[in-house]
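Let's look at a protein model together and ask how each label is earned. Keep the cut-offs in mind as we go.

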Amino acid sequence: MKLKMSDIAKEAGVSKAAVSFALNGKPGVSEETRKHIFKVIEEMGYEPLRKHKKGGVRKLTSISLVIIKDTAGMMSRSYASLPFFDSLVSHLSDNVGGFGGEVQIITLNIRNLKNDLEENDALKKSKAAIVLATDLNKKQVLFLNSKIKNAIFIDNYFEDVDADFVSIDNFQGGYNAGKFIIEKGFKQIGYVASNRIITNFLKRREGFRAALKEKNIEVPSEFVFSLNPIELKGTLPEFFYSGHEYPHAIFCEDDYMALRLVKELTRIGIKIPEKVAIMGFDDIFEDTMINPELTTIHVPIEQIVRQAINQLQEKVSNSNWLSQKSFVSTKLIVRESLK
C-alpha cells in the first residue's frame, strides 16, 4: 500500500502542512519536530511517488505556492495553523508530488509586496505559481499578476480583472445556507459577519440575503453583529446575556465564528439547537469536535487544488491561453446544531 502524506502526519501526530514543510526543507516547524517527522518517515518507508499519472506526461516539475501574509487579515502570523491552509498544502503536495514534482512555499508580506518580490530570487525563477489570494484586493492582484510568471489566484476573484482564478462559489454557498434555514421554518434569523473586509465573505453575504429576499424575510439590524473570523474567544452581543429576545437561528460567515458562538452560548446556558440553531461555513475539522456538531457549508479544497493545477498546466503549455475564472460549488453538511 502506498503511503500518503496524511498517513505520515497521523503517525507523527502533526499537521499535514508540517510534514510538507519538513519534506521541502521549509521554515514553519521546529528542528525537533522536523527530526521526529523524518524518523517516522524512515520507520514507515515513505517515498514520494515518482510515476507519471495515466493520460499523459505532465510538464510541470515544480509549483510555487505563494502565501501573502496580512496581520490584519485571514493570513495573519498564525496562518499555518488554519485548517484551510493545512488542507491546501497537503492536497497540493499530494497532487504535485504524486508525479515527481515539488512544491516550494514562498511567503510575501502584503505591506511590502514590491520589495519582497524584488528580493525573492526563488519566485523570480519560478515557472508556475499558485497564489493564495484570500486577503488581496483588486489592485494587489493586478500588481502580482504582472510580476509573477504563470500565476493562478485561488480563494478569491475579481470579475473585472484579466487573470486566472479558482475559487469556491461563495454566493451559491451563502444562498444555500439561507435557503436551508428558511426551509426549516425559521423566520427570526441572526447573522454574524466578519469584522474584516474579505471578498469571499461579502459574496456569502450576498447569497444569503438573496435567499431570504425571495421569501420576503429580512434580518433585523439588531440581530446582525461582527466577530473576528479566525479567533475562538470573545464576548457576544448583550442580548444573549440580558435575557432579551434573540435570534432563533444564526448564520455565521465562517466556522470559527460559529464555533465561538456555540462555545459561549453553551457556557451561559443557552441550549443549541433548542433555543438557538447555529450554522457556519467552511466545514473545518473542529466542527465535529464540539457538542452539538456544527451544521455548515462544505468547501471542497481538494477539488480546488486539482482545478488550479490543471488550469496552471494548460496556462504554461498553451501560448494562446486566455485567462479563466473557475468556480467550484459547495455542499450543505447537516449536523446537530441546525437540522
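Q: What makes the meeting of the Asp-283 and Arg-335 side chains a salt bridge?
A: A salt bridge is a side-chain nitrogen of Lys or Arg within 4 Å of a carboxyl oxygen of Asp or Glu. The side chains of Asp-283 and Arg-335 meet at 2.9 Å, N to O, so the pair fits that definition. Asp-283 lies in the loop between β9 and β10 and Arg-335 in the segment after β12 (331-333), so the bridge ties together parts 52 residues apart in sequence. Helices (H or I, at least four residues) and strands (E, at least two) are DSSP runs, numbered from the N terminus. Both Asp-283 and Arg-335 are buried.

Q: What kind of model is this, and what pLDDT do local features need?
A: This is a predicted model: local features need pLDDT of at least 70, side-chain atom pairs count only at pLDDT 80 or more, and totals for chains, interfaces and linings use all residues. Residues are numbered from 1 along each chain as its sequence is written, and side-chain values use heavy atoms, leaving out hydrogens and water.

Q: What is the average pLDDT of the chain?
A: The chain averages a pLDDT of 85, and 87% of the residues score at least 70. This score is the predictor's confidence in each residue, from 0 to 100. Over residues 49-58, pLDDT stays under 50.

Q: Why is Asn-200 called buried?
A: Buried means under 20% relative accessible area, exposed over 50%, and partly exposed in between (1.4 Å probe, protein chains only). Asn-200 has 4% relative accessibility, so Asn-200 counts as buried. This residue lies in helix α9 (residues 199-214).

Q: What does the side chain of Asn-200 reach?
A: The side chain of Asn-200 reaches the backbone oxygen of Asp-155 at 2.9 Å. Leaving aside neighbours within four places in sequence, Asn-200 is in contact (heavy atoms within 4.5 Å) with Asp-155, Asn-156, Ser-167 and Asn-170.

Q: How do you know that Asp-282 and Arg-204 form a salt bridge?
A: Their side chains meet at 3.4 Å, N to O. The pair links distant parts of the chain, 78 residues apart: Asp-282 in the loop between β9 (277-279) and β10 (296-298), and Arg-204 in helix α9. Asp-282, at 21% relative accessible area, is partly exposed, whereas Arg-204, at 3%, is buried.

Q: How many salt bridges does a search of the whole structure find?
A: The search finds nine salt bridges. One of them joins Glu-302 and Arg-306, whose side chains meet at 2.7 Å, N to O. Glu-302 and Arg-306 are four residues apart in helix α12 (residues 301-317), so about one helical turn separates them.

Q: Why is α1 called roughly perpendicular to α2?
A: The axes of helix α1 (residues 5-12) and helix α2 (residues 16-23) come within 8 Å and cross at roughly 105 degrees. That makes α1 roughly perpendicular to α2. Angles under 35 degrees count as roughly parallel, over 145 as roughly antiparallel, 65 to 115 as roughly perpendicular and the rest as oblique. Axes are lines fitted to C-alpha atoms, for helices over the stretch in contact, and angles run from 0 to 180 degrees between N-to-C directions.

Q: What is notable about phi of Asp-282?
A: Phi of Asp-282 is near 135 degrees, a positive value in a residue other than glycine. Most residues other than glycine have a negative phi.

Definitions and conventions: Polar contact = N/O pair within 3.5 Å; in protein donor to acceptor, adjacent residues only side chain to side chain.
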